[in-house]
Amino acid sequence: MRGLVWVRKVFWAALLIAPLSVWPQQVAWTNYTTRQGLPANVAYEVWQSRDDHLWFTTEAGICRFNGYEFVRPVDTSTWNGAEAFIPTEDLHGRIWFARIDGSLWYVQHDTVHPFEHSARLEPFRRRYQLPMDIQADADGNLWLAYNHLGLLRIDPEGHVRDIRSPTHRVLLYAEIGGRAMIPVVSSPEAMAFRRSPVSTAVYREGSVKHLTALPVRPLLDVQYRGFWKLRSGDVLHAYDGVYYLLRADSVLWQARLGFTARRLAETSEGALLLAVHMGERPGLFYFSSVEDLRRGRGQNLLPGCFVTDIRIDRWGGWWATTHHAGLFYCKNPGIEVFDQRQGLPSDEVTCLAFDGKNRLFAGFRPAALVALRLESDRMERISLPRLTSRDVEVLLFDTARGRLWCSAPLYFQENGRWQTALQVERNAVFAVKSLSKGPRSGRLWGPSSSGFFETEASSGRSWHRRDADEPSPYARTFDVAEDANGVVWVITHRGLRQWRHGRYEPPPWAHPALRFQPRHVCLSSSGAMAIGLRSAGVLIRAPDGRMTHLRRADGLASDQTMRMYAGPDGAFYACSNDGLSRLTPRPDGGWDVRALTRREGLPSGQVSDVEVAGGYLWIATHRGLVRLRRLPELPPMPPPRLERLWVNNRPADFIPNRRLPHDSNTLRLRFYALHYPSEGEIQYRYRLLGADTTFTYSNVREVLLANLAHGQYTFEVQAQSPSGQWSAPTRWSFHVCPAWWQTVWFWMLLSLAVALALALAYRWRLRQKHQQTAAMEKIRQLEAAALRAQMNPHFIFNCLNSIQHFIADNNADAATHYLACFARLVRLALHGAVDGRHSLREEIDMLSNYLALEQLRFRNRFEYRITTEPALNLDDVTLPPLLVQPFVENALLHGLQNKQEGGLITVTFALDERHLTAAITDNGPGMKTTDDAKRAHKSVGMMLTQRRLALLSEDATSSAQWENLTLPDGTPAGLRVTLRIPLEA
């Protein structure tokens, strides 16, 4: 029974130690199908145009890819959505392709157009249908390869020339623009003699030349042959699974691979990619050189995929079309991935170690250990010691003693056997989270949950070290490393410390970044120290003491480092959950930062460890073990392209310096940067010069500019590369025109109109002033005339005669009284004539003096009364002089002339809104006839007064109104004249 158990143990040990047969490593692919917008999963060919767009012909038509979306050109023909084949580009940037019926079409300005000379191809289409290849040369000619015919050349004018072999049953191809076209059978009788032997010929420099070096073979189907011109100038010819390398029309060698590629692409390093879409071994075959192709030493990168075409873009990425699974894109072919498909026990690699020769050790989660033979890429499983952890946390290979160290707990393997490293004081196993070897002491250093461990590499004995002054027994350390001078640096919970004389001491230098919690310390062979900070990047201290603090803004993949590694070239590597950062010293003392993330092709952003082995960089990720042949080049980010423009939600074109109406001031722009390695994860910044100079940062490719004011604008946009560099700006200038009321001409005309209006208003006002002045002058003249008319010589003479009579009769008192009245009347009349207006009191005084003199002249044949309403302020109301007197005189002369006694004249003043009313009433006979009225109106004084009233106010009611007064029995009782005199405001 014990023997059976021993046999089982030997069997399992042999199984674990035996080498594993693994598949070749894989590159990382991105698959595009209809889910990502591809028109169909059946894709035929791929072409990269001169403007860097990728064009794909599929079962559902042609489309282009801009890194974000697949854009189908506008096609209004009945063939919209039908198959498209064989894309190519001419000198004018037009993309040509063929339909299933053999018709030719081209795409220009994202619109599909038919070939204008398609009628001349009609005879060939009916007989030979679909061309096998299409190519455009530098002279603008189109070349078509028709099987069973030969070659057709169509010049820009549409003239067609067919090129055939002078002999039948010839495989004919041509070299157009350095590219070999697919060979076609130049023999009309080919279908009748399918087993007849054929030869090979090339059309070159205007003539057909037979390649006599190639053997004569029976005719086979067109899918099993191909011609490709290599960078070296050699031609690779495939026929029925046999490959021939031609140089100067001579066969250098031939090799049978068992499959014939449909397309071939050659990398810049000389590797060959062969697309195979038929047979028992379809896929994409990779050969690192032509010699490897000769020896058949290649690998299938897409096994089981029917690859129809392969192309290498200008950034070095690979694009493969398939007949069933859409597109495959490899952005960084220099990254090769080993995972469970290649035989690894798990995809989650936790740590790495290199033996310095040809073996790389990898630890995994769940716990497993594998050794990879670098020269053959073969793996072997290694048995593990009894680990207490669920994964292999630490690996270190001591090249001096040939020992592999592993944790946790800490073991070392020697001669195929694992031995436990023991703590001397307690004779117990212990665990460490990391392990480093001192360059001076040769001892191993590892942190723990309490202090750290110092291990003798030769015996495996370990000593537990902790600060004697530390009060807590659980003072955790995160990392330990020894420099070239033998100084031990320890990362504790209190920060970075030196271990001296059994105690932790602060470093002899300081830096503000050390306020963040350090977690990792790493020392390079040159003496530089890198300190990984928690959430704060990496702090590097150069041997000369210069300090450099690097963060994500400086190009790090992440500010949170998980592990540090010092490369043999003096570079530091910072592992994180967002990728790997490589820090390379510069001669000027600075550091170049290069991040490697999923954007650059890593299968996972979670990087656990890194190791330089066999001339490659090996990266442990959570989705496999990565071998980096070379760091991917960082192509500069091209300037963004302006894709679409909407003005007020209507499509428009990007016309330089476009002028937009004032009401077309809401714009929506879409742009993109054609950078396939970024896979659509591009940061943009843009601004609108003329409105604001501040950049707006966004990952969105559209911007809305709403309600722009009139003016000149320039839209500027830039794209950021994965390394953090900004591209050259793309600018588009446009002008929003002002509305007609915002133009300079409008304001000039408005200013002119305002000036003209002001001039007219000034002129009108000036004329009005002149008119008012003339009116006032006319009033003064009329008042003077009225004064002269009232103070007529007859009146004056009668007054003076009466006064003289009183003097002659020695009636001195009466003469003195009337002379005073006469003098006051004259003085008031002259005063009113000078000032133009006087108070109502003065007017009543003048009327009183006038009526008193007239009473004297008429020998007291009448009485008079002058009354005012109590509300009138006689001193505040002003009016032109002698307005009432002419009507009083008229009442005396015409109303009372026939009365010998008992005459009465009443003058009444009252207020009526903004007018002063004066009512002159006599008790005469009134106006009996029209002649009397005419005579009354012919009074010079009243006529002048009425004109004065008309000048004072345009209101017709300001004129005199005449009214006969009668008794109840109809007997005339007199005449009343009512005047409405406007008052000043």
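A residue counts as partly exposed when its relative accessible area falls between 20%, under which it is buried, and 50%, over which it is exposed. With that scale in hand, Gln129 can be placed in this predicted model: its relative accessible area is 42%, so Gln129 is partly exposed. Gln129 also has a backbone feature worth a look, since its phi is positive, near 60 degrees, and the residue is not a glycine. Its place in the chain is the loop that runs between α2 (122-128) and β12 (133-136).

Ala248 makes a good companion to this first example. Here too phi is positive, at about 55 degrees, in a residue that is not a glycine. Ala248 sits in the loop between β24 (242-247) and β25 (250-256). Its relative accessibility is 73%, and Ala248 is therefore classed as exposed.

Stepping back to the whole chain, the model contains 10 helices and 78 strands. Of the 985 residues in the chain, 51% are buried. The accessible surface amounts to about 47000 Å², and carbon and sulfur atoms account for 51% of that surface. Contacts along the chain can also be sorted by separation in sequence: among those between residues at least 6 apart, 54% link residues at least 24 apart.

Two cis peptide bonds can be visited next. One of them joins Arg365 to Pro366, with omega at about -5 degrees. Pro366 belongs to the loop between β35 (359-364) and β36 (368-373). Another cis peptide bond leads from Ser407 to Ala408, and its omega is near 20 degrees. Ala408 is part of the loop that connects β39 (403-407) with β40 (411-414).

Finally, a word on the confidence of the prediction. The mean pLDDT of the chain is 86, and 90% of the residues reach 70 or more. Some stretches have lower values. Over residues 1-23, pLDDT stays under 50, and the model shows 22 contacts beyond four places in sequence for this segment. Residues 933-938 likewise keep a pLDDT under 50, with 7 contacts beyond four places in sequence. A reader following the chain in the 3D view may wish to keep both segments, 1-23 and 933-938, in mind.

Key:
Residues numbered from 1 in each chain as written. Predicted model: local features only at pLDDT ≥ 70, side-chain atom pairs only at ≥ 80, totals over all residues. Heavy atoms only, no water. Helix = DSSP H or I, 4+ residues; strand = E, 2+ residues; numbered from the N terminus. Buried < 20%, exposed > 50% of the residue type's maximum accessible area, 1.4 Å probe, protein only. Contact = heavy atoms within 4.5 Å. Areas by Shrake-Rupley, 256 points an atom, 1.4 Å probe, with all protein chains shown as cover. pLDDT = per-residue confidence, 0-100.
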